[in-house]
Amino acid sequence: MKKFHYALVLVTLLLVGVSCKPKQSAYKQVYEAAKEKEMQETASQPTSVVKDASPLPPVEVSVRKEKVEPVYPTDAAGLKKFSVVIASLSVKLNAESLKGRMENEGYQVILAQNEQGMYRVIVASYDDKEQAAAKRDELYRNYSAKGDTDYLRKTYGVPFNDLWILERQY
């Protein structure tokens, strides 16, 4: 009879343990928030740059056409036909964090969202494609001079070697 009670208690504990599993999305949110905090702490700490002797891989000339809308109404006037995108992120909090870091660097950052829900972090927007390409090249040169892709990713959250131009569709 005692064995039966032990078995019943064990089965009950197993059922309770299995039914109380947290969802994966909760873990993901906590992980992304912790990763973002780590990136902010790393960015705020003074670091010395040891530049790798090899240059960054070249920026591929890439123009993508998308229908995007500004996330904030105040950004609507600044969003032109051709924009320089430094990152595409699926989590709004991460996009806002990167926006803040780039604004601290002196850029007027625009967050835009495409129809699939991806956030585009835009650092410059122009009516002319050549101006956008020139700005993309300038950004690449400026940030590649600061360090290798690992350093840039750790400091800013993006490697700056995959900048691209967004051609806005209306």
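The following dialogue introduces a predicted model through questions and answers.

Student: What should be known about the numbering and the limits of this model?
Tutor: Residues are numbered from 1 along each chain as its sequence is written, and side-chain values use heavy atoms, with hydrogens and water left out. The model is predicted: local features need pLDDT of at least 70, side-chain atom pairs count only at pLDDT 80 or more, and totals for chains, interfaces and linings use all residues.

Student: In what pattern do helices and strands follow one another along the sequence?
Tutor: Helices (H or I, at least four residues) and strands (E, at least two) are DSSP runs, numbered from the N terminus. The chain holds 5 helices and 5 strands. Read along the sequence, their pattern is α-α-β-β-α-β-β-α-α-β.

Student: In which order do the strands of the closed barrel run?
Tutor: Two strands are said to pair if DSSP finds at least two bridges between them. The pairing in this closed barrel of 5 strands is mixed. Neighbouring strands of the sheet are turned by 55° against each other on average, direction ignored; the axes behind such angles are lines fitted to C-alpha atoms, for helices over the stretch in contact, and angles run from 0 to 180 degrees between N-to-C directions. The order of the strands is E1-E3-E4-E2-E5.

Student: Which residue of E4 is the bridge partner of Val84?
Tutor: Strand E2 covers residues 82-89 and strand E4 covers residues 119-126; the two run antiparallel and are joined by 7 bridges. In E4, Val85 has Ile122 as its bridge partner. For Val84, the partner in E4 is Ala124.

Student: Which residue of E5 is the bridge partner of Ser83?
Tutor: E2 also pairs with E5, in the antiparallel sense, over 4 bridges. Within that pairing, the E5 partner of Ser83 is Leu166.

Student: How many residues of E3 are buried?
Tutor: Buried means under 20% relative accessible area, exposed over 50%, and partly exposed in between (1.4 Å probe, protein chains only). E3 is joined to E1 by 3 antiparallel bridges and pairs with E4, also antiparallel, over 4 bridges. E3 is mostly covered, and of its 5 residues the number buried is 4.

Student: Which residue in the turn between E3 and E4 has a positive phi?
Tutor: E3 and E4 form a hairpin with 4 residues between them. In the pairing of these strands, Ile110 stands opposite Ile122 in E4. The turn residue with a positive phi, of about 95°, is Gly117.

Student: At about what angle to E2 does helix H3 run?
Tutor: Contact means heavy atoms within 4.5 Å. Helix H4 (residues 129-144) packs on the sheet, touching E1, E2, E4 and E5, and its direction makes about 45° with that of E2. Helix H3 (residues 92-104) lies across E2, E3 and E4, and the angle at which H3 runs to E2 is about 125°.

Student: How many residues has the largest nonpolar core?
Tutor: A nonpolar core is a set of buried Ala, Val, Leu, Ile, Met, Phe, Trp, Tyr and Cys residues joined through side-chain atoms within 4.5 Å. E2, H3, E4, H4 and helix H5 (149-156) each supply at least two residues of the largest one. Another core, of 8 residues, lies apart from it and includes Leu79 and Trp164. The residues with the most contacts inside the largest core include Ile86, Val121 and Tyr143, and its residues number 25.

Student: Why does Glu66 count as buried?
Tutor: Glu66 is found in strand E1. Its contacts, not counting residues up to four places away in sequence, include Asn114, Arg120 and Trp164. Glu66 counts as buried because its relative accessibility is 13%.

Student: With which side chain does that of Arg136 make a polar contact?
Tutor: Arg136 lies in helix H4 and is buried, with a relative accessible area of 4%. A polar contact is a pair of N or O atoms within 3.5 Å; within protein, one must be able to donate a hydrogen and the other to accept it, and residues adjacent in sequence count only if both atoms are side-chain atoms. At 3.0 Å, the partner of the Arg136 side chain is that of Asp137.
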